[in-house]
Each structure stands twice: as C-alpha cells, then as structure tokens.
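I opened this model to look up its overall make-up, one of its pockets and some of its salt bridges. My notes are set down in that order.

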Amino acid sequence: MPSKEKPQAGERTVSLITLGCARNEVDSEELAGRLDAAGWTLAGDGDAAEPGVVLVNTCAFIEAAKQESIAELLGAASGSARVVAAGCLAERYGSQLAEALPEAQILSFDDYGDIAARLDAVLAGERLPAHEPRDRRRLLPIAPVGRPAAPQPHVPGHAMPGTGIPGAGSAIADLPPGTAPASGPRTVRRRLGGGPVAPLKIASGCDRRCSFCAIPAFRGAFLSRPPQDVIAEAGWLAGQGVTELLLVSENSTSYGKDLGNLALLEELLAALAAVPGIARVRVSYLQPAEVRPGLVTVMTSTPGVAPYFDLSFQHASGGILRAMRRFGDTERFCALIGQIRQACPEAGIRSNFIVGFPGETAADLAELERFLSLARLDAIGIFGYSDEEGTEAASLPGQLDPAEIAHRADELSDIAEELMAQRAADRVGGTVEVLIEEDLGGQRYEGRAAHQAPEVDGATTVSSPAPLVTGSLVSARVVASQGVDLMADALPAAPAAAPRPGQPR
C-alpha cells in the first residue's frame, strides 16, 4: 500500500487501541477495515502528529479489565484528541458510562456498521447520544435454529447483509490492498499487527447461563458465522502472511448448533487446515460439557490441527460447579483429560479457574488443588472471584472477604506455577513442532509449540545452525525447560518423499 503523509492533528486520523481478548482484536480489525475503506487514516505508533480521534476498544471481563479500560480512556483524554469508547465496557454500560466519564463518547456494537460516520460527527464536535444498556440475548430468537433467518443486530466480526457494508453481497473490488474480504457479504477487516499468527472469529455470543458471568447479556445469544465466510477469511489471512489461525468465540464447542449441524466444528477444522498457506489451526474456548468424542478425534488426528484443548473447567468441586451452573467434578474432568491423552499423549491442555466463589470452603479449595495435581495441565490461569452486576452469583450467600479471595488466589497461583513447570519439564527429551515467530539472533529463534497458544502459554526458543523462516513449522527436540518455556534444538529437515511410480519427478 502506498505510504500516506503523516496526519496533522484534527484531520480524519484515528488511533485505535485494543484491550482484552483475541475476540476484541478481531473486532478492532473490523473497525479498522471500515474506517480505512471510508478514507480515515489509521495512526501508527511512530506518527508524530496527534490523531483527531482516539478510539478505545474496551474490555469488561472482570473488575481489573474495567479499571484498565477506564484508565486508558482517561489517559487518552489528557491530549487534544477526541476520545471514543467502543467494545464491551461501552456496550455493557452505555449511558451510565457516558455520565460517569464525560471525557469520552460512548458507542454501541450497533454503531460499528456506521463507524466512519460516527467518528466524522465526533470530529465535527457533535455530542452523540449514548445508548441505554440492554440484554442483547433478546435480540435473537431463543431457539438457535431460528437465528440465521431472523433480523439480526450488528454482531462484531460477522456478515450482516443490508447493514451498509460496502459491496455487501458481491465482490469488493474497490477496497485498499490488505483489506478483507475478497467477496461478501462479509465484514471488512484490516490487520493491525504483523506476524504469522492471527485470530479468526467463528462465532459470537453465548447461550450458557453461568451464574458468575455477565458476558452473554452484552455480547448476545450464540451465533455462528457461516463456514464459507470463515474459510474465505482464512484464505485472505493466508494471503497476508498468516500461517497459524487462532479460532476464537465465546464458546467454540457450540459452533454450528444454530446452523443445524452439531458436528460442524469438526468439519470446519479440517477445511481450515486444508487452506493453502495455513500450517496450523488452533481452536480456543471449549466447554468441557460439550466436548464430544468426534471432536477429540479430529483435534488429535487431523494434520494441521493443533492437539490443543483450551477447556473452561473453572473449578473442580462438584458443589461449587453446581452453584456456578456448570458441569463436572474432579472425576469427570480427569476422565475427559484421559480420553484426550489416550488419543494424543502430548496434547496440550490449559484451563482457567475461579477461587473465592461464594460458599467456597477449605474442602472445596483442597479438591481444586487435588484436581490440579492429577490433571498435569500445561497452562493454568487463576482468577479471584469478583461480583458482576446483574449476575446470579452476586446475590448468593457465603460471600468471602476480598482479602481472603486474594490470599486464596495467590496461594493457588504459586501451586499452579510449580505444576506448570513440572509439566514443561516432562517434555524435555521429546519432539515438538514449533511455529517460528521471531529471529532472536545468534542462531536462536522464538516460537510456539502446538501446546503453547499466543501470549498465554509460554514459548519455545529454538537453536538452529541453519536459518529458519518466520511462519514456518520446525521440528525440534526439547533439551531444557524454564518455567513454562522450553529450549529446543531444531532437527534436520526430513528429505522429500520419493515420488510414487508414475508421478513426475
């Protein structure tokens, strides 16, 4: 793409800041694509001039994320740029946030389709009316099978014919290079970062009713993206130099239930792994209650699909899990892990856990510790419970003191660190497939093995006397571990297979 002159303050230039998870990264790239297509300039870190607008894609997952979002908005407001809040915090609180934070203008997901017009109005000095918060689950039919045909609100990262998407329903030939898609009706997307790994949204929303979680209320009911849209976007990402896809959603194991095919994720994984240029496909956000034998088989035996299981266990005490309105206990979870490791002993398994949930006893905490010792997980995230407005858990009896919750989280985090280090040490002497992401110099390269997801699960440093190519998959033997990180030596590339009789040489 031809380089653009550095913007001057006050021009149609926007700095886009993304907080939170990989799903938000995809949403930001939708906003970037729409703004770019409408003639806005996306400011980079090296731009000298201050942008006319700072757009913060906020997070509202837990209290710490909310505070980080507010701090980012206040920091942006200290300059001369106009400040706009989008994303989960903005959607969840709407007019309440606008009243509490007059420094920023507040947008809804429903504004994304017209984001360029919204920012034009902000730049012109208009004060936009903030939306009233609402339960977005009510915007789609209760029955999943009725959702694809229903009138749909804007869902970030999804195609919405008839919502003003440029070129909807036909080839989009007039978008700048580097802007998705090649054909519609699908949303516009522009990559904001480089590197060989990119998130790819397969669905949005959630139909589960976990008592501690507010996400379904502001993200809405579960809605799958059509597989042809996902596959087409994967091809576009491959053309941008991406070789690993990270599939994201609020609940990937539900993919396809609203499209009439409960096994559609299995089909999608195989199709994505076959996209030219894609070396590895990784799926995240799996619900243990919905993991089926066929999915385990596909994830552990399909070439190009990482045998990586991001399982949302949340706890191991049956009583606490029932209060959370979730499935399972130590025995059931260990049985599922056993099925996975029987199919693939080296499969990577990670999970997050909440400690300090209302009513959690010392016995419940001991049961969670017992499970972690038995499970031998590769990655463990520990979160202290905090009340979320509008959730059932906020009104449950047995609320614990915040200091006690923090103490339990710290103690369990220490145990988790030791268990993860032990699991990494178990891999010494084995062989891993590492996707190379960075040349560290001195014949050393950094990447991630199949059991290591971006940013959260550690990394592998590969030593190689021969140059390695960023974005390539390299076989390496693990020689040491440090915490969750591995050190490995690249193995010689396997010779090309001899052609079969009758094949051209």
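The entries below record what I looked up.

Entry 1, overall make-up. I noted first that the model is predicted. I found 13 helices and 20 strands in the protein. Of its 505 residues, 51% are buried. I looked up contacts between residues at least 6 apart in sequence, and 73% of them join residues at least 24 apart. The protein exposes about 21,000 Å², with 54% supplied by carbon and sulfur atoms.

Entry 2, the second largest pocket. I recorded a volume of about 370 Å³ for this pocket. It is lined by 20 residues, and those closest to its centre are Arg137, Ala214, Ala217, Glu389 and Gly390. By class, I noted eight nonpolar, three polar and nine charged residues in the lining. Helix 6 gives the largest share, three residues; helix 3 (87–93) also supplies at least two.

Entry 3, salt bridges. I obtained a count of 40 salt bridges. Glu389 pairs with Lys66, their closest N and O atoms lying 3.1 Å apart. This pair links distant parts of the chain, 323 residues apart: Glu389 is in the loop between strand 15 (379–384) and helix 13 (402–426), and Lys66 is in helix 2 (residues 63–77). I checked accessibility for both: Glu389 is partly exposed at 46%, whereas Lys66 is buried at 4%.

Entry 4, a further pair. I also looked up Arg137, which forms a salt bridge with Asp135 at 2.8 Å between the closest N and O atoms. Arg137 is partly exposed at 24% relative accessible area, and Asp135 is partly exposed at 21%.

Definitions and conventions: Residues numbered from 1 in each chain as written. Predicted model: local features only at pLDDT ≥ 70, side-chain atom pairs only at ≥ 80, totals over all residues. Heavy atoms only, no water. 1 Å grid on protein atoms, 1.4 Å probe; cavity = no way out; pocket = protein on both sides within 12 Å on 5 of 7 lines; lining within 4 Å. Points joined across faces, edges and corners; volume = space filled by probe spheres on them. Helix = DSSP H or I, 4+ residues; strand = E, 2+ residues; numbered from the N terminus. Nonpolar A, V, L, I, M, F, W, Y, C, P; charged D, E, K, R; others polar. Buried < 20%, exposed > 50% of the residue type's maximum accessible area, 1.4 Å probe, protein only. Contact = heavy atoms within 4.5 Å. Areas by Shrake-Rupley, 256 points an atom, 1.4 Å probe, with all protein chains shown as cover. Salt bridge = Lys/Arg side-chain N within 4 Å of Asp/Glu carboxyl O.
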